[in-house]
Amino acid sequence: MLRKPPRLHPRSTIAVVAPASPIRDAAKLERGIRYLESLGYRTVVGKSVASSDGYLAGSDRLRAEELERYFADPAIGAIFCARGGYGTMRLLDVLDWDTIARHPKIVVGFSDITALQWALLERAGIPSLSGLMVGVDFDDPDPESEALFWSLLTEPTSERVLWEGAADDRIVSGAATGTLLAGTLTLVASLCGTPYLPSLAGCILALEDIGEESYRLDRMLCQLSLASVLPQCAALVFGAFTLDADRRSTTPERPLRTILGEYVERAGCKPAVMNVPYGHIRGKISLPIGLRAQLDTDRQQLVLLESLVV
């Protein structure tokens, strides 16, 4: 059963948390919080945001209990993640999913937060938004992505266009309707074989990643293919796969379009597109996780067919 969260209202309270890695740029985070408050929202900043344990934003127990507390608190209207990094997967077998399921809330995150968001759908039936993060995107938001982001969280509109592309973005022609599942490829591959991976049967799978060499993208897509993840999907959406500008590896590369095309073919030549502005980039679109959507690669459109909030 899908448990949709209530929409944000003026003066709603947003809890800012760090379920993965510590904050790297405190000034940028502060500008993001001020941005939220400039829109009229109240903010509560979790202890995890100021905590650090190596590459983790505090202990697993601190981060898990903080999430549970904010889900259970009726004064909290949404939970926004400050950043990704690594560490969210460590919480999945610690969290009290029954408590979370009883208190559906808007959850916004991206990158490593994919693990939490997919588990929220599988274990609690709560859809979420893969999108802008407080300590990453809100100090200088792109106007178009900003508009889509807030409309998804505040307007219970049944249908809206999430993306419109060009003919060059098409890998395989066709149209498909299914549950939209969006996230970072590394995390999706890591969830394989765990009880936190939602059913991908008939889904529209949207993937992106950052800093991964072409052979590593190939390996993770191969894992999804061998695990029968890709063949189950109704359609495939590939976002941005960004590399570091100062790449120093001597490993030969292969063209991304070639790699993606090979795995689309292995998946059964389902409708597929690439170059969707979803990823670790400025101006990324926000994609709901767990809602019905339609991809039409001939019209170059990804359309959301139901609202994220009620």
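These are my notebook entries on two pockets, one helix and one serine in a predicted model.

**Entry 1, the largest pocket.** I began with the largest pocket, whose space comes to about 710 Å³. I listed its lining and found 35 residues, of which Arg24, Ser111, Met133, Val136 and His280 lie nearest the centre of the pocket. I then asked which elements give two or more residues to this lining, and noted helix H1 (26-38), helix H6 (185-191) and strand E9 (204-210). H6 gives the most, with three residues. Sorting the lining of the largest pocket by class, I obtained 12 nonpolar, 10 polar and 13 charged residues.

**Entry 2, the second largest pocket.** I turned next to the second largest pocket, which holds about 150 Å³ of space. I wrote down its lining residues, among them Asp142, Glu144, Ser145 and Leu148, together with Val161, Leu162, Trp163 and Glu164, and also Pro277, Gly283 and Ile285. Two elements, helix H5 (143-154) and strand E6 (160-164), each supply at least two residues of this lining, and the largest share, four residues, comes from E6. By class, I recorded six nonpolar, two polar and three charged residues for the lining of the second largest pocket.

**Entry 3, helix H2.** I checked the length of helix H2, which runs over residues 60-72: at 1.5 Å a residue its 13 residues should span 18 Å, and because its end C-alpha atoms are 18 Å apart, I note that the two values agree. I then looked up which residues of H2 are buried, and found Asp60, Arg63, Ala64, Glu66, Leu67, Glu68, Tyr70 and Phe71. What covers these buried residues includes the strands E1 (13-17), E2 (42-45), E3 (78-81) and E4 (106-109), as well as the helices H3 (97-102) and H4 (114-124).

**Entry 4, Ser214.** My last entry concerns Ser214, which I placed in helix H7, a run of residues 214-226. Is Ser214 buried or exposed? Its relative accessible area is 8%, and I therefore enter Ser214 as buried, since the cut-off for that class is under 20%. Leaving aside its neighbours within four places in sequence, I found Ser214 in contact with Pro252, Glu253, Arg254 and Ile259. For Arg254 I noted a further detail, namely that its backbone nitrogen lies 3.3 Å from a polar atom of the side chain of Ser214.

Definitions and conventions:
Residues numbered from 1 in each chain as written. Predicted model: local features only at pLDDT ≥ 70, side-chain atom pairs only at ≥ 80, totals over all residues. Heavy atoms only, no water. Buried < 20%, exposed > 50% of the residue type's maximum accessible area, 1.4 Å probe, protein only. Polar contact = N/O pair within 3.5 Å; in protein donor to acceptor, adjacent residues only side chain to side chain. Contact = heavy atoms within 4.5 Å. 1 Å grid on protein atoms, 1.4 Å probe; cavity = no way out; pocket = protein on both sides within 12 Å on 5 of 7 lines; lining within 4 Å. Points joined across faces, edges and corners; volume = space filled by probe spheres on them. Nonpolar A, V, L, I, M, F, W, Y, C, P; charged D, E, K, R; others polar. Expected span 1.5 Å × (residues − 1).
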